[in-house]
Amino acid sequence: MTSFMIFLSTFAPVIRTTMEKKLLKPDYIFESSWEVCNKVGGIYTVLSTRAKTLQDMMKDRVIFIGPDFWKENESPYFLEDKALFADWKAKATKEGLSVRVGRWTVPGSPIAILVDFNPFFEKKNEIYGWLWEHYQVDSLHAYGDYDEASMFSYAAGLVVESFYNTNLAKLRAQPKVIYHANEWMCGLGALYINNKLPQIGTVFTTHATSIGRSIAGNMKPLYDYLFAYNGDQMAGELNMQSKHSIEKQTALHVDCFTTVSDITANECKELLDKPVDVVLPNGFDNSFVPQSAATFTKKRKAARKRLLEVANALLGENLDDDTLIISTSGRYEFRNKGIDVFVEAMNRLLRDKELKKKVVAFIEVPGWVGEPRKDLQDRLAENKAFDTPLDVPQVTHWLHNMSHDNVLGMLKYYDMHNRKDEQVKVIFLPCYLDGKDGILNMTYYDIVLGNDLCIYPSYYEPWGYTPLEAIAFKVPCITTDLAGFGLWANSVFGKYGEIEDGVKVIHRTDYNYSEVADVIKDTVAAYSNFTKKQIDAARKNAEQLSKKALWSEFIKYYEQAYDIALRKAEERKK
């Protein structure tokens, strides 16, 4: 037998399996989310950074659908194009749909359709009745944002139905179409498509289960007792029946149910009684990271200069560039995002004899912000050194709830008042860093690269974009193995990550809060002793890890999800 024949006989089964499993690919993708052209959280980052990769694959056959909040004001995230799908838009208007068509102003400039969902509130009871009749979704206990999200989701479903029937249904070769719904907010639309257009493959992604987030946010131990929790029972106990119901029924009825990490996949299995079909880890588009070394260095220096200017003006100090600048950021979920343990660690660091540098620690978390501090603005405008601190030298903006804010309350409890003789200063930046906050006046991405370390000690974090963003900007970070990103980093390293690897991954449980705070404190102190060579190596390792999480690496998981959904849609045609 020749060597070529031996090769064929050895690998024929593999080749045959590969051919048999050739993935079905969509001709069109409709993707709906509350955060399309609506920057409110991490899902915006997921979708907006993935858009360019999908556009490169499918040029203008990926259409995002989001809520239209910008009827009178011009949206910074959406550019209307009245010529785009003009004929369909006119028909949709006659059908009672108020839509605007244009481009999402993110890399790739994908097509976006914004829909006004307000007209459907008057049909709310009828819609919920249909939902109960067909899918047994409990909308009786709805409150808060449930109605608003549901009416948008229903409107998004109608948009896809109208577009499909007008532009795609009559094509000679029937196209393969995917409808991808994100979070419970878009579940109703996915079920509507599932019912009305069975030829479309449906994908549903829960980025965090509503009941899992609620259990964690209500200070209940999530992980040790996960196997024992009944999702329906907990939804009743925590008044989450309606959100849990739409999420669970969507997961059960769509063609492909997905989530963003292994840790959340386990949560879905236990709380929604439905294992996920595919895990879709959140990738990253690093096109906005400065590519030239000169530009990167210039931007890093500018960020550090501004952060230290603000700190010095607030504190009446003269902190120089040798200061260790660290930060945490994200949504203001005090326990879930580990903001509490971050403050705890900084308090312990105050007394750590191994700390060799001064530290300024920023908490960049949007709170109930009132206005930028006028006294701080005045000092920054004077552009000179001050030797006395401002009153309340822990915060850059006044808050509406100063006496009830969790961060300020914890700082006060620990008597952390940023005194002159203290090595560690903690400053709360309670605003969105959009470049127009009145104090820093730089965007988050222009600020983050000025850090020496970023710390995200999450308790509940399905994925974790903030550490991924940090390492993309060559900033080593600390996270936990209760974050999907932390688990992924460990899988790449083949061990628990250390700060020398670019990411320190701390083991976190329901009950080891104190140990986590100590590990953070020890890691920061150790990093303050690093040589330039050690720092450069950690920064390089951080950057290299981030490149393994680019969308070009992770889009393959989405292709698997599309294939699963399309195959089920094909089966329904037979």
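In this predicted model, Asp-352 is in contact with Lys-521, Asp-522 and Ala-525, leaving aside its neighbours within four places in sequence. Asp-352 is found in the loop that runs between helix H12 (339-349) and strand S11. Its relative accessible area is 14%, and because the cut-off for burial is under 20%, Asp-352 counts as buried. The side chain of Asp-352 makes a polar contact with the side chain of Lys-521 at 3.2 Å, and it also reaches the backbone nitrogen of Glu-354 at 2.7 Å.

A second loop residue, Lys-420, lies between helix H14 (406-413) and strand S14. With a relative accessibility of 44%, Lys-420 is classed as partly exposed. Neighbours within four places in sequence aside, the contacts of Lys-420 are Gly-316, Glu-317, Asp-387 and Lys-425. The side chain of Lys-420 reaches the backbone oxygen of Gly-316 at 2.5 Å. The C-alpha atom of Lys-420 is separated by 8.0 Å from that of Leu-315, although the two residues are 105 positions apart along the chain.

The polar contacts of these two side chains are listed below.

| Side chain | Partner | Distance |
|---|---|---|
| Asp-352 | Glu-354, backbone nitrogen | 2.7 Å |
| Asp-352 | Lys-521, side chain | 3.2 Å |
| Lys-420 | Gly-316, backbone oxygen | 2.5 Å |

Both loops lead to strands of one sheet: S11 follows the loop of Asp-352, and S14 follows the loop of Lys-420. The sheet is open and consists of 6 strands in the order S14-S11-S10-S15-S16-S17, with parallel pairing. Strands S14 (424-429) and S17 (503-506) each have a single partner strand, so one side of each is left without a neighbour in the sheet. From one strand to the next, the twist averages 20°. Strand S11 (residues 359-364) pairs with S14 in the parallel sense over 6 bridges, and Phe-362 stands opposite Ile-427 in S14. Helix H17 (residues 484-493) packs on the sheet, where it touches strands S16 (477-480) and S17; the direction of H17 makes about 115° with that of S17.

A further charged residue, Glu-267, is found in helix H10 (residues 262-271). Glu-267 is buried but has no salt bridge, and the nearest side chain of opposite charge, that of Arg-213, is 7.7 Å away. Apart from neighbours within four places in sequence, the residues in contact with Glu-267 are Thr-209, Gly-212, Arg-213, Leu-222, Leu-226, Leu-272 and Tyr-460.

Notes:
Residues numbered from 1 in each chain as written. Predicted model: local features only at pLDDT ≥ 70, side-chain atom pairs only at ≥ 80, totals over all residues. Heavy atoms only, no water. Helix = DSSP H or I, 4+ residues; strand = E, 2+ residues; numbered from the N terminus. Buried < 20%, exposed > 50% of the residue type's maximum accessible area, 1.4 Å probe, protein only. Lys, Arg positive; Asp, Glu negative; His and termini not counted. Salt bridge = Lys/Arg side-chain N within 4 Å of Asp/Glu carboxyl O. Contact = heavy atoms within 4.5 Å. Pairing = 2+ DSSP bridges. Axes fitted to C-alpha atoms, helices over the stretch in contact; angles between N-to-C directions. Polar contact = N/O pair within 3.5 Å; in protein donor to acceptor, adjacent residues only side chain to side chain.
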